[in-house]
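Biologist: Hey, got a minute to walk me through this model? I'd like to know what I'm looking at before I go back to the bench.

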Amino acid sequence: LDRLRVSAAEPMFLDLCDALDSMLVLFMNRPEETSKIVDRVIDSPSCTPLALAWAAAAGAVARAVTGRLDDVAPLADRGLEAARIAESGMLSFTIGLGQTLALLASGQPDAARRVAVEHADLAEMQQPGRAQAGVVLGRVLIATGAIEAACDELRQASAVLESTSYAWAMMAPTYVAQAYAIAGETAQARDALRRAEGHHGTRSALFEPDLHLARAWVAASAG
């Protein structure tokens, strides 16, 4: 991206570079910095729908994890509309992650589940979008105590996403490990945890606390 910036002449192209960078910075677990980049992009007069969609996806999650919960819904709405215009529907599932994180953090589990289901329905069965939506839904199902449903949803999502290079490849087995450990299925939980650790790196650093939680659940399940 730095090389592209050097050669870029159009402000709208620079906005897109910044928007893409905001997602990379987010997954490296620098959400405060992410929000600063996002604000710069969405306030730019040359911001295109594609840049807005990328920035809003990163910004929704960044705001959720830093406690700016009231800021998530307006940004998410803008991002979903921009993703529709730019025909970048895959970004909607990252936006959905931010939406559900904020709703769960603000004590609205029913709303979080409704939003997660809406994203799953939107994806239909197109992959890897449906699998990403499955991770979002599975995380909500764990949080709301629907463990059997979470196991089913996350197992299917993980089977698709672990073959990708996305941060989702680490997220999916991490939540599989949590769900199976809570269900008392220690062997399956331990196997999923091993796979999650294998996928973990700097591009999934944001979700390291979830990995620590998975390890704790697996340890508790093993007694």
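**Loops, a helix, pockets and cysteines**

Modeller: Let's start with a loop: Glu-87 sits in the one between α5 (72–86) and α6 (91–105). Keep in mind that this is a predicted model.

Biologist: OK, what is phi doing at Glu-87?

Modeller: Phi is near 55 degrees there, so Glu-87 has a positive value without being a glycine. Most residues other than glycine have a negative phi.

Biologist: And is Glu-87 buried or exposed?

Modeller: Exposed, with a relative accessible area of 73%.

Biologist: Which other residue has a positive phi although it is not a glycine?

Modeller: Glu-124 does, at about 55 degrees. Glu-124 comes just after α7, in the loop between α7 and α8.

Biologist: While we're in that loop, where is Pro-128?

Modeller: Pro-128 is also placed between α7 (109–123) and α8 (129–143). The peptide bond leading into Pro-128 from Gln-127 is cis, and its omega is near 5 degrees.

Biologist: Is cis the usual thing or the unusual thing?

Modeller: Most peptide bonds are trans.

Biologist: Let's do α7 itself. How far apart are its end C-alpha atoms?

Modeller: They are 21 Å apart, which agrees with the 21 Å that 15 residues should span at 1.5 Å a residue.

Biologist: Which residues of α7 are buried?

Modeller: Ala-111, Ala-112, Val-115, Ala-116, His-119, Ala-120 and Ala-123.

Biologist: Why would that kind of spacing turn up in a helix?

Modeller: An α-helix has 3.6 residues a turn, so residues three or four places apart point the same way.

Biologist: And what do the buried residues of α7 pack against?

Modeller: Their partners are α5, α6 and α8.

Biologist: Switching to pockets. How much space is in the largest pocket?

Modeller: About 410 Å³. It has 15 lining residues, and Met-23, Phe-27, Trp-54, Tyr-166 and Trp-168 are the ones nearest the centre of the pocket.

Biologist: Which element gives the most to that lining?

Modeller: That's α2, with four residues. Both α2 (11–27) and α6 supply at least two.

Biologist: How does the lining of the largest pocket split by class?

Modeller: There are 10 nonpolar residues, four polar and one charged.

Biologist: And the second largest pocket, how much space there?

Modeller: About 220 Å³. Of its 14 lining residues, Gly-89, Ser-92, Phe-93, Leu-122 and Ala-123 are closest to the centre. The elements giving two or more residues to this lining are α5, α6 and α7, and the largest share, three residues, is from α5.

Biologist: What classes of residue line that second one?

Modeller: Seven are nonpolar, five polar and two charged.

Biologist: Last topic, cysteines. How many disulfides are there?

Modeller: The count is zero, taking a disulfide as two cysteine sulfurs within 2.5 Å.

Biologist: Why doesn't Cys-47 form a bond?

Modeller: Because the closest cysteine sulfur, the one in Cys-17, is 13 Å from the sulfur of Cys-47, and that is too far.

Biologist: Is Cys-47 buried, exposed or partly exposed? And Cys-151?

Modeller: Cys-47 counts as partly exposed, at 21% relative accessibility, just past the cut-off of under 20% for buried. Cys-151 is buried, with a relative accessible area of 7%.

How values were computed. Residues numbered from 1 in each chain as written. Predicted model: local features only at pLDDT ≥ 70, side-chain atom pairs only at ≥ 80, totals over all residues. Heavy atoms only, no water. Buried < 20%, exposed > 50% of the residue type's maximum accessible area, 1.4 Å probe, protein only. Expected span 1.5 Å × (residues − 1). Contact = heavy atoms within 4.5 Å. 1 Å grid on protein atoms, 1.4 Å probe; cavity = no way out; pocket = protein on both sides within 12 Å on 5 of 7 lines; lining within 4 Å. Points joined across faces, edges and corners; volume = space filled by probe spheres on them. Nonpolar A, V, L, I, M, F, W, Y, C, P; charged D, E, K, R; others polar.
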